[in-house]
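User: I have a protein model to look at. Can you take me through its fold and its charged side chains?

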Amino acid sequence: MTDTAAANPERQTWTSNRGFILAAIGSAVGLGNIWRFPGVAYESGGGAFLIPYLIALFTAGFPILFLDYAIGHRYRAAAALALRRLWRKAEVIGWFQTALLFIISVYYAVVIAWAMSYFYFSFGTKWGDDTQTFFLSDYLQVGEPGVSAQLVSGVALPLVIVWVLIIVVLALGIAKGIEKVNVIGIPLLVLGFGALVIRAVTLPGATDGLNELFTPQWSELTNLSVWIAAYSQIFFSMSIAFGIMIAYASFQRRKANMTSSGLVVGFANSSFELLAGIGVFSALGFLAHQSNIRFAELEGITGPTLSFITFPKIVSEMPGSWFFGAVFFGSLVIAGFTSLVSLVVGVSVGMQEKFGLSQRTAAVGVGIVSALVSFGLFATTTGLIALDTVDQFANNIGVVGSAIIMCVTVVWIARRGPLLRDHLNAVSTFKLGNTWLVLIGVFAPLALLVMLIDKVMGLVKDGYEGYPDWYVNTFGWGTIVLAVVFAIVMTVLSWNGRDESFQPWPPLKGDER
């Protein structure tokens, strides 16, 4: 069968390989690169952390990224339909991944709304001297764990803007919407954040911060938690194993160099993490210098606390503070928005394929439903606590579990590993061998299983952040139950939009299974 005959002629494609690479980088480079990697590296051996980090990149990051690419590119669909075409019973895995995309997107949008607000606050450093009180009390108006219907107006307005933009971008399609956002946004992100880093490394005390980040603590390499942290960082920062890259790869042209593109995306993501580490720790070193305290006495060096409490303190101390605050929070908005686009695309395209919807109908429908959930759960006075809890379970339990199940199903149950390897080798210049099959079938699932067991044991034994058990069970474990139920229901429903005549290309031994 020819390339043209095998392909769905109505399926959109990226206009170029560059467009696909920038979109994939836009998905991978997100908020976690800026606020998670530096703190994780610092707490996990400093410079020595780069060893397990690179090992994790090559033994789990790239292999699973290539697996996502192979499934999406060969079966030309979002996660649910692509996995169904791979093996009919694997559809439920795809819907579980789609549920996770939806769950993560509805709270991720809220964080982007925070960054938008802080971009505005930078002009005049409106957060004042007590940045913690301003963020938690004045801005978010944080209450006790529970369910609140009280919207936070400062979050609601930028959140409306975020979802309107998302709907517009998705409605415009792959080439005119998603690709253009990334072609413009990623260079802007690199230029803006690069300028911030250059300024940060010239500040007094910057060297002290860099020494804290990169001085190796070799003894930490014998600590299992450091290796778990490395695999966790790689896994979450590359947007793998929960449907994003399957959907993006499905829009690649039939004859596309998939593995080489994957190498570019993976190395770009890691390079940006190192850049972020340099910038953040230079700025933290400056803050310690200005505050006349030891670096170890600094608090809030990772997560939202770093971005919305600690960094405003740094900005207030910097000459030309408003400008660098605007650059930092503008970078957060761009990094977050390009990642959010990829999250919602996976959901929208999945619904479009399942129910035979038009692209615009699916984009508007998914966007409106997502926005309503964002407002109802995460833009209220209890939104921060709900966000923190749902994020912990969706990522550390849901996404990790999804990756393990997908790898085991593809390699050991459906036995499509050799077929997917042959597909990548047929279209790519960087060839994969049996080592890749061992990595996705044995090593990566085992490494992720260790992560999953460690996290589950901790949550069962200690709970989460001291929140009441009923709250953790509802918003934590309940998130996973909700995703499972959604996956089962969607699998049972009929495929009104499925193409029964689909044939994968190129024809390979193993398709007949």
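The turns below go from the overall fold to single salt bridges.

User: How many helices and how many strands does the protein have?
Analyst: This is a predicted model. Strands are absent, with a count of 0. The helix count is 20.

User: Which radius of gyration does the protein have, and what does a compact globule lead us to expect?
Analyst: Start from the length, 513 residues. A compact globule of that length would come out near 24 Å. The protein agrees with this, because its radius of gyration is 22 Å.

User: What box do the C-alpha atoms fill?
Analyst: The box is taken along the principal axes. Its sides are roughly 70 × 50 × 45 Å.

User: What share of the residues is buried?
Analyst: Buried here means under 20% relative accessible area. The share is counted over the 513 residues of the protein. It comes to 59%.

User: Among contacts between residues at least 6 apart in sequence, what percentage join residues at least 24 apart?
Analyst: Contacts between residues under 6 apart are left out here. Of the rest, the share joining residues at least 24 apart is 86%.

User: How far apart do the centres of the positive and negative side chains lie?
Analyst: There are 29 positive side chains and 29 negative ones. Each set has its own centre. The distance between the two centres is 16 Å.

User: Which residue forms a salt bridge with Glu353, and what parts does the pair tie together?
Analyst: The closest N and O atoms of this pair are 3.1 Å apart. Glu353 lies in helix α15, while its partner lies in the loop between α1 and α2, so the pair ties together parts that are 342 residues apart in sequence. Both residues of the pair are buried. The partner of Glu353 is Arg11.

User: Is Arg294 buried or exposed?
Analyst: Arg294 forms a salt bridge with Glu297, with closest N and O atoms 3.3 Å apart. Glu297 is partly exposed, at a relative accessible area of 41%. For Arg294 the value is 56%. The cut-off for exposed is over 50%, so Arg294 is exposed.

User: Which residues are linked with Arg84 in a network of salt bridges?
Analyst: One bridge joins Arg84 to Glu91, the closest N and O atoms being 2.5 Å apart. Both of these residues are buried. The network also takes in a lysine. The residues linked with Arg84 are Glu91 and Lys354.

Definitions and conventions:
Residues numbered from 1 in each chain as written. Predicted model: local features only at pLDDT ≥ 70, side-chain atom pairs only at ≥ 80, totals over all residues. Heavy atoms only, no water. Helix = DSSP H or I, 4+ residues; strand = E, 2+ residues; numbered from the N terminus. Rg over C-alpha atoms; globule rule 2.2 N^0.38 Å. Buried < 20%, exposed > 50% of the residue type's maximum accessible area, 1.4 Å probe, protein only. Contact = heavy atoms within 4.5 Å. Lys, Arg positive; Asp, Glu negative; His and termini not counted. Charge placed at Lys NZ, Arg CZ, Asp CG, Glu CD. Salt bridge = Lys/Arg side-chain N within 4 Å of Asp/Glu carboxyl O.
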